[in-house]
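Colleague: I would like to go through this structure with you. Please tell me what lies behind each label you use.

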Amino acid sequence: MSLKRKDLAGSDALHLQADVLVIGGGPSGAWAALAAAQNGARVVLADKGYLGTSGATAPSNTGTWCVPPGENRQQIVERRWQRTGNLGDQRWMLRCVDQAYENLLKLAEWGYPFPSDDDGKLYIANLRGPDYMAFMRRRVLKAGVTVLDHHPALELYSDGEAVTGAAGIDRQRNRDWRVDAAAVVLATGGCAFHERILGATALTGDGYLMAAEAGASLSGMEFTGKYTLAPHGSSLNKGLPFRWASFYREDGTPILDSDGNHLSNGIGEREKEIAKAMIEAPVYAVLDQAEPALEDWLRRGQPNCFVPYDRASVDPFKEMFRVTFKAEGTVRGTGGVHVATSDCGTGVPGLYVAGDAASRENMTGAVSGGGAVNSSWAIASGWWAGQGASAHSKRRGEKVFRTLSKPLGEAGLRASGAAKATLTATDVVDAVRAEVIPLEKNYFREGSRLAASYGRLDSLWSDVRNHLSAEGVDRLRTREAAAIAASGRWSLTAALARKESRGMHRRSDFKGNDPTFTRRIVLTGVDTVAIGSEAERLKERAS
């Protein structure tokens, strides 16, 4: 069924059939497509961008959580679990490191150019994003997967029993497309709320909205307080070099920490003090804690970190430069579609989820998965979701192609009232960002501020639902805006419900951990959002 470029020519709407449709072309989507194809499924992968260059991994140098089999495997997982705020699940963590390690070995067998360490052994714990994703593209195409580049999905289809495919826009040919499929994998990434960070332009929470419209739940949406230091005015969200930074005011006055010492090392607990200082006035940094040998190591190991400085003709190891915090939403946050089964099913028949589109609470709990854990999760969850989707397609058989299916998309596509020309996608996104990006609202949370932000986004959602729509390719922008608005509203709903501080959810009115909140906060619904726990969700599914 693999199509060639000439097969995609023409202006007529494209209509395909597949066993498995994968939506999203990052690492989790690529692994899902490979797993499904290996199981004999006919697979279509639709990417909003170009498989191999789109998403947060492609422009990055990413480590993995690489844990070889051995006696200390359990101890390594245990140590990581202790950082999750008691919300991680060691069974899932063990499964993930085992599957990710197995798949990293597959990459080596397939010929991925891993470097060698000093002993001549392949070093498989690190992946250079551009090389990795270009390699995965070639592997996906070799497996016979039909790849639809620049084909963003707008909505899922359902026959009332199960999800039966999806539809969207072919941006290059200005036409619609639809794929009827026995199972769908959402690998659409997280939501960066249009923050300018590397690879995040297309990460607008589309999968969250599509899944919720199909009846899936979300969890971990309160854990969106991950910020990363970056040179002011840049899209760089690589915080590692700031471990060797000292911080100053614009006039060169050192910024002091709570103990009266010169504030340094922007990684870890000191991050809070930098955030407080930044709310008061601009903050500047110098990487003056790095020894000359370390300077060379940083430049060779993280070359893209230094592009903004080189462009500005600044020596960051000797000269002050202004810094900012980049909000990373659920990309390096935790929340996403609730994972209901061991094969990454969502609890909605025919719908699976992988990578950052899924909640990573099982892996990281209340803290960020950063690059390494999220990278391994993308590999493992993509593999499981592809296997689960292909198995479902075999059980479903040809039934999906003999039933009447209907589109599920609403907000941003089909306004329930008259469209308002004065309500634009840009206006919606700007309004959401005003509530979920500022440090004083999202990094440092407080009940009355959260409630006020929620009220504004709830009112905005009413406008979006009733009046935001567009025609043709412009539907992509209105649909993205609707997904961003929905994601912001879910985030605030969960943040208000978690009346404690845990991990990256920091509340000044509930400063400590509360044992009663050692549980997931699960959200279900789009217009009316129900708040429950994971136990309640499982009980509901069983009934």
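**Labels and their reasons**

Modeller: Start with strand β1 (residues 14-23), helix α1 (residues 27-38) and β2, which make a right-handed β-α-β unit. Keep in mind that this is a predicted model.

Colleague: What makes the β-α-β unit right-handed?

Modeller: Look with the strands pointing away from you. The path from the first strand over the helix to the second then runs clockwise, so the crossover is called right-handed. Here the path goes from β1 over α1 to β2.

Colleague: How do you know that β1 and β2 pair?

Modeller: Two strands pair if there are at least two bridges between them. β1 and β2 have four bridges, so they count as paired, in the parallel sense. One of the contacts to look for is I23, whose bridge partner in β2 is A46.

Colleague: Which strand does β2 join through three bridges?

Modeller: That is β5, and the two run parallel. L45 of β2 stands opposite V147 in β5.

Colleague: Why do you say that both faces of β2 are covered?

Modeller: Buried means under 20% relative accessible area. In β2 (residues 43-46), V43 and L45 on one side are buried. V44 and A46 on the other side are buried too.

Colleague: Now the other sheet. In what order do its four strands come?

Modeller: The order is β10-β13-β12-β11, in an open sheet with antiparallel pairing.

Colleague: What makes β10 and β11 edge strands?

Modeller: β10 (227-231) and β11 each pair on one side only. From one strand to the next, the twist averages 45°. Helix α6 packs on this sheet, touching β10, β11, β12 and β13 (321-327). The direction of α6 makes about 110° with that of β13.

Colleague: How do you know that β11 pairs with β12?

Modeller: The cut-off is at least two bridges. Three bridges join β11 to β12 (residues 283-286), so they pair, and they run antiparallel. Within this pair, S246 stands opposite V286 in β12.

Colleague: What makes the phi of H150 worth a remark?

Modeller: Most residues other than glycine have a negative phi. H150 is not a glycine, yet its phi is positive, about 55°. H150 sits in the loop between β5 (146-148) and β6 (153-158). N265 is not a glycine either, and its phi is about 60°. That residue is in the loop between β11 (246-248) and α6 (270-280).

Colleague: Why is H150 called partly exposed, but N265 buried?

Modeller: The line is drawn at 20%. H150 has 23% relative accessibility, so it is partly exposed. N265 has 17%, which is under the cut-off, so it is buried.

Colleague: And why is N174 called exposed?

Modeller: Exposed means over 50%. N174 has a relative accessible area of 54%, so the label fits. The residue is found in the loop between β7 (163-170) and β8 (175-186). N174 and D12 are 162 residues apart in sequence. In space they are 9.6 Å apart, C-alpha to C-alpha.

Colleague: What about A391: which label does it get, and why?

Modeller: A391 has 31%, which lies between 20% and 50%, so it is partly exposed. It lies in helix α10 (residues 372-396). A391 and M363 are 28 residues apart in sequence and 24 Å apart in space, C-alpha to C-alpha.

Colleague: Which residues touch the most other members of the largest nonpolar core?

Modeller: L107, F242, F247 and W490 do, in a core of 144 residues. Helix α14 (residues 475-497) gives the largest share, eleven residues. Another core, of five residues, lies apart from it, with A192, I197, A200 and L203 among them.

Colleague: With which residues is L107 in contact, leaving aside neighbours within four places in sequence?

Modeller: Its partners are W31, Y112, F114, L127, Y132, F135 and M136.

Colleague: Last point. How many disulfides does a search of the whole structure find?

Modeller: Zero.

Colleague: Why does C66 not form one with C96?

Modeller: A disulfide needs sulfur atoms within 2.5 Å. The closest cysteine sulfur to that of C66 is in C96, 11 Å away, so it is too far for a bond. C66 is partly exposed at 22%. C305, at 2%, is buried.

Technical notes. Residues numbered from 1 in each chain as written. Predicted model: local features only at pLDDT ≥ 70, side-chain atom pairs only at ≥ 80, totals over all residues. Heavy atoms only, no water. Buried < 20%, exposed > 50% of the residue type's maximum accessible area, 1.4 Å probe, protein only. Axes fitted to C-alpha atoms, helices over the stretch in contact; angles between N-to-C directions. Contact = heavy atoms within 4.5 Å. Core = buried A, V, L, I, M, F, W, Y, C linked by side-chain atoms within 4.5 Å.
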